[in-house]
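User: Please take a close look at one single part of this model, and then set that part in the context of the whole chain. I would like one connected answer, with the cut-offs behind each term stated as you go.

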Amino acid sequence: MRFKTLILFFVILLRGVAMQAEETKTISLSGVVSDAQSAEALGFATVQLVSASGTVYGTITDVSGSFRFSGLPAGKYQLIASYLGYEKQELAVVLPVRKRMQVLLRATSTSLNEVVVTASESRGVTSSSRIDKKAMEHLQPTSFTDLLELLPGGKSADPQMGTPNLISLREAGATGEDISSLGVAFSVDGAPVSTDGNMQYIPGSSSSDKTFVSRGLDMRTLSTDNIESVEVIRGIPSVEYGNLTNGLVKINRKKTQTPLEARFKADQYSKLFSVGKGMEFLSGRYVLNTDLSYLDSKVDPRDNFENYKRITASARLNSVGESKNIRYEWAANLDYSGSFDDQKSDPDISLTDDYYKSSYDKLGVGAWLSLKFLKGRFFRTVDARATLSQEFSRLKETKTVSLDRPMAVPSSLVQGESDGEFLPYTYVANMLVDGKPMNANAKLSTTGGFNWLGVAHTLKGGAEWSYNKNFGDGRVYDITRPLNKATTTRPRSYRDIPATGELSFFAEEAMTFALGHHSFDVVAGVRTLSLMNLNRAYSMHGKVYADPRFNVKWTLPEWPGGWKFDLSAGLGWHSKSPTVAQLYPDVIYQDIVQLNYYHNNPEYRRINMMTYTWDNTNYELEPARNRKWEVRLGGSFKGHSFSVTYFNESMNNAFRDQSYYKLMPYKSYDITSIDGSTLTGPPDLQQMTYSNDTLIDTYSMTGNGSRIRKQGIEYQISFKRIESLKTKVTLNGAWMRTVYSNSQPFYKSSSILLNGQQLEYVGLYDWQDGSEKQKFNTNVLLDTYIPKLGLIFSTKAECTWFTNNRPLWNDGTPVSYVDKTGTVRPFTEADKTDTQLQHLVKTYSSTYFDRTTVPFALDINFKATKEFGKNVQLALFVNRILTVYPDYRLNNAVIKRQASPYFGMEMNIKL
């Protein structure tokens, strides 16, 4: 009896456990929140479950838009999903539920069939702009550069395909600060695009404006034809993204089934052709996207001797599947991009045959795997990504060099005295720069989540590793025929330069909770950066740099009448490590001529030099670091929306070329001690008199010597489409103020020659050498969409209210000076009248420090797109179809302005 009772007890117990396990197994709910129009996952969306009894369960979606509830009692629920800028979605749910839910949210400013032809402002916790495929199609871009006009403060500009196209965010004007573009990170399908291994430049070349070493990504190389959407984060990005200071550009390429699409574009400068298709396999589980694009651009339509060509190709395979407990997605890609930048002289107008050509070929492969745990209580996702890219770049320049006096061949490779040889008065120099930079990147991240005390927590953590190595032959040329007759460098092999590596760890927590009818989103995290494979001589060796970042969003309850408001704020630090060229600069060679005796008889000629050589590496170099904060107010009302953002950024150690002085003693032989009538060969130095002298000069090395201050207000207002006119009005713009200056004292020598001799002193200056720039603009876009006619046209008024520039004041006086003996002395008032020292004082005109203001200017641009059936689309654009440029006065002169229209057209075919 006891045995039967025991068996019955265990049967009941096991059944209870089984029922509990079954309940735990089935009473759960998971799903994905996505944009109803673009199908893009909405990370950090708020999801609530309200039971019939009024109990509220809350969570937020992770970065991939996924959410999960577990341990819920069976019954009826109301699921409420909300996201800033989207209409709230309410769905009835009856538990238990075994399938994953797909929750689609519709933007408040659009309907499902509306076309958005401009950038949409951020609906998340930080300021960013999103540009989708339709906006790009209507814009008709030649390269990624054209998309920047859609950002607040942006303005349309004609293509400049003869020079690198470099990005700058939140800056009031053009600047020579390399960090402006180097500090903006680019990510393509989640993988970073690195240019840190690029060393393609020719020292002292007249074509230096065509290079972008240590300046970031050349946007000419990016085609827009395979892009699905772009997000430009101007604020504080997630700690998942690093090695940046000024912002992040996230590019998402097409990965869905698409018809065969072909695009043909022609304008005043270029011709472009592209074709692409997305194919599904095995009931949609596999999707293969392929595309090809070709661009041929003339830098000047009137000049056939300078052009730029680009070709890109890509194949991307994606697969999605789901088992009982895991949903997986993996992708693999193979990419090629190449460009050719040619410039040569016109034989009809030039006696020389100078030539410049830069070619760029890049192959890239990548793989990505994402696992989503459908029934995990804590762990939500695991993502692993790896990419490898190899460039093959060649830069060739041929130049005819003419001399006006006898000069020596700068060819010595060691320090010391040596005889040289004379350069011909005219010769042809050839230079080849062969670069093969390779970049590898691997990243592993995971997310988890839980609910505690009414707060939904989502945790993210991971690690990222990157590697840069240049395997190129470097600068290859005949050392006896240099491209620059006064060069301070020598041939150099890039493969001898050590590889660089970076290792980062990141951790972040996102919390969402409600206090009454108010809801809050808080995201806080930290990212670390350490540089690997560095010599112990570098101050960065063994150091770990931490970047904390914080964002918060407060969503207020809906006001009477339908008004909705939210207030966001963010604070974060961002670091950018030095590039290979900055870490391992060229060794400097300085050749000082001690004797230059040129005789009519070549057998009697002699040139003697003292060569100095030194390592120009700055071992105290540190990563550039930017602190930024912002406050944003957003709102919406019955289909209208707006956002206003104030930002402030401060960087004290941006990269710049810092100057220092060098003392180089040498002998100055007296040519008058040579008796030319008795020579039977070159002069004998032992028989000549000489005097000892010292060359004091300034040089530069990469340092952390720039200070940059940014502040401004960005705004965007999007009105609901006027149905009777089929027209939507969008207004955006920005006021920006940027101050550039040096953050450390600098040495400077004078270019004045006294009695044909260089000054014997170098000054040390400790004042701000820089400028303040401001601009204020407003863009008003009216776009009309008539679906029945298949017609989209837009008119954009670009109003630049003013731009101004003001040099930072200084008195031009050095704080001290150095003489040829290396003695440092303070600069006194009496020195201002010294014969030599007075030339160390920099003088300015009476109006030099005045603010220069360019007043109001208005450009009217027009774009139109016409659909012919479902397969053909014809578009045209005219920028500056109408302009208003009032005359203005500058320094008692009347400035007249004018501009020419820029126009083009394209055709898109879908089969």
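Analyst: D189 sits in the loop that joins β10 (184-188) to β11 (191-192), where strands (E, at least two residues) and helices (H or I, at least four residues) are DSSP runs numbered from the N terminus. The model is a predicted one, so local features are taken only where pLDDT is at least 70 and side-chain atom pairs only at pLDDT 80 or more, whereas totals for chains, interfaces and linings use all residues. Residues are numbered from 1 along each chain as its sequence is written, and side-chain values use heavy atoms, with hydrogens and water left out.

What marks the backbone at D189 is its phi, which lies near 55°, a positive value in a residue other than glycine. The relative accessible area of D189 is 26%, which means that this residue is partly exposed, the classes being buried under 20%, exposed over 50% and partly exposed in between, for a 1.4 Å probe and with protein chains only.

A second loop residue can be read beside D189. K638 is located between β32 (624-637) and β33 (640-669), and its phi, near 50°, is again positive in a residue other than glycine. With a relative accessibility of 56%, K638 counts as exposed.

Several strand residues help to place these loops within the fold. E329 belongs to strand β18 (residues 326-344) and counts as buried because its relative accessibility is 14%. Beyond its neighbours within four places in sequence, E329 is in contact (heavy atoms within 4.5 Å) with K255, S319, V320, W368, L369 and S370. One of these partners, S319, is ten residues from E329 in sequence, and the two C-alpha atoms are 5.6 Å apart.

L876, in strand β46 (residues 872-884), is partly exposed, given its relative accessibility of 38%. Its contacts, with neighbours up to four places away set aside, are Q140, F862, K863, A864, G904 and M905. The pairing with Q140 spans 736 residues along the chain, yet the C-alpha atoms are separated by 8.2 Å. Contacts across such stretches of sequence are also reflected in the overall count, since 71% of the contacts in the protein with a separation of 6 or more join residues 24 or more positions apart.

Other residues show the reverse relation between sequence and space. L731 lies in strand β35 (residues 727-742) and is partly exposed at 23% relative accessibility; outside its own stretch of four places either way, L731 touches Y715, Q716, I717, T778, N779 and V780. L731 and D675, however, are 56 residues apart in sequence and 82 Å apart from C-alpha to C-alpha. Y785, in strand β40 (residues 771-786), is buried with a relative accessible area of 16%, and its C-alpha atom is 73 Å from that of G822, which is 37 residues away in sequence.

As for the whole, the protein contains four helices and 49 strands. Its C-alpha atoms fill a box of roughly 130 × 75 × 60 Å along the principal axes. The radius of gyration, taken over C-alpha atoms, can be set against a globule rule of 2.2 Å times the number of residues to the power 0.38; for 911 residues that rule gives a value near 29 Å, and the 33 Å of the protein agrees with it. Of the 911 residues, 50% count as buried. The exposed area is about 41,400 Å², with 58% of it supplied by carbon and sulfur atoms, as computed by the Shrake-Rupley method with a 1.4 Å probe.

One part calls for caution. Confidence is expressed as pLDDT, which runs from 0 to 100 for each residue; the protein averages 88, and 93% of the residues score at least 70. Over residues 1-26, by contrast, pLDDT stays under 50, and the model has seven contacts beyond four places in sequence for that stretch. Where pLDDT is low, the predicted coordinates should not be read in detail.

Conventions: pLDDT is the predictor's confidence in each residue, from 0 to 100.
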